[in-house]
Amino acid sequence: MDFALTDDQTLIRDAAESFLADVSDSAGVRRAATLPLGYDESVWQRIGAELGWCGVAIPEEHGGLGLGPVTLALIQEQAGRRLLCAPFYGTVCVAGSGLMEVGSESAREAYLPRLAAGELRIAVPLSGTDEWLRVARGVRARAQGDGWVLDGPVPRQLDAAGADLLFVFAAIEGGGLGLFAVEAKAAGVAIQPRETWDATRRFADVTLRGVRAQMRVDDPERIEHGMARAAALARLYLAAEQLGGAQQCLDLTVAYTLGRKQFGRPVAGFQAVKHRCAEMMVRIEALRSAVYGAAALAAGEASPERVALEGAMAKQLASDTFFWCAQEAIQLHGGVGFTWEYDPQLYFKRAQASSHWLGSAEELREELAAALIDGGVAA
């Protein structure tokens, strides 16, 4: 694959880097993590209303820019690099992809224009494939009149505390699974914030008791094949975020070791330190190729099965690379790497937490092996 960024993609990436360096620097991240919703609402409004990031991958007929997966992945890379505290990943990358891939025409018309304009915040579940199916089957959806009523627990909803809508998978009476939109403030919805390892990203446990859904989101004829592509895109955008985090771990480490001196010379001058930083760079560049390649494939005419393979491959490599770079950053910062005052611990926590979202590296490698060997899918 001959891949190169267009001038527009380079401009958007550089603009995202500049904007996030200003509003989501170390002090900004730490301040946002202490706010009630876990993010600065003024920053979120600027992302949606001024920058138009929410509509980057949404088709033009639904109010978006129609720029596709590559451009969104570039923005996600910068968001991960700066640990952006905002409902961007859940709303735009996960919910937006789900709407485009499995949503009915009425659901797309109702939600995509508002999402593209930055007017909608949507909470989504993040878990491994097996756990997602178990949780989905634990929520019951029954038809009532011309609508649906939902009951059951939905653990680990991303950004639920400040959401306008909750996207919930549920087992339908009579068989099958469906995706439903529930108003976060609807009667019967209980949201309990959850204390997590990563303070820069908020989760909550949701309980539904006789809640009337605003809409059934999925098109039953699209959900089976559409879910594979939607999950692959969600993994791809998470891998892009992890790529950005790994890159920042390297940047922080190089800056620190250049300024830190031992025996009258910068620590960065010692061969052992150089080798470890070089290994970080090699792993990051390999991951960057994997993420950009998967995004370019998703932007083309590849089959859902092939996109699913590439998304799983990128996510498992990103999880391992980000975790490795984060722990190396802590080690190369010495004793201060573990302390609250320095940033490597923030990236280590994000790396540890995100490695379990949408499938761990081990689970995804098992999926890949089954698809490539047992399933006979061409690599």
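Here is a short tour of this predicted model, one selection at a time.

**Stop 1: the big core.** Start by selecting Ile47, Phe88, Tyr89, Phe167 and Val291. These five touch the most other members of the largest nonpolar core, which has 91 residues. Now add helix α8, residues 223–259: with 14 residues, this helix gives the most to that core.

Next, zoom in on Val291. Which residues does Val291 touch, leaving aside those up to four places away in sequence? Look for Leu236, Ala239, Ala240, Leu243 and Ala314.

**Stop 2: a separate core.** Clear your selection and pick Ala123, Ala160, Ala184 and Val206. They are among the 22 residues of a second core, separate from the big one.

**Stop 3: some strands.** Color β2 (residues 140–144) and β3 (residues 147–158). The two run antiparallel, and five bridges join them. To see one pairing, click Arg142 in β2 and find its bridge partner in β3, Val149. Then look at the hairpin that β2 and β3 form: two residues sit between the strands, and Gly145 in the turn has a positive phi of about 65°.

Now bring in β4, residues 165–172. How do β2 and β4 run, parallel or antiparallel? They run parallel, joined by two bridges. Click Arg140 and you can trace its bridge partner in β4, Ala171.

**Stop 4: Ser355.** Last, select Ser355, in the loop between α11 (344–354) and α12 (361–374). Is Ser355 buried or exposed? Its relative accessible area is 13%, under the 20% cut-off, so Ser355 counts as buried. Show its neighbors too: beyond residues up to four places away in sequence, Ser355 touches Gln242, Lys315, Ser319, Ser360 and Ala361.

Methods:
Residues are numbered from 1 along each chain as its sequence is written. This is a predicted model: local features need pLDDT of at least 70, side-chain atom pairs count only at pLDDT 80 or more; totals for chains, interfaces and linings use all residues. Side-chain values use heavy atoms; hydrogens and water are left out. A nonpolar core is a set of buried Ala, Val, Leu, Ile, Met, Phe, Trp, Tyr and Cys residues joined through side-chain atoms within 4.5 Å. Buried means under 20% relative accessible area, exposed over 50%, partly exposed in between (1.4 Å probe, protein chains only). Helices (H or I, at least four residues) and strands (E, at least two) are DSSP runs, numbered from the N terminus. Contact means heavy atoms within 4.5 Å. Two strands pair if DSSP finds at least two bridges between them.
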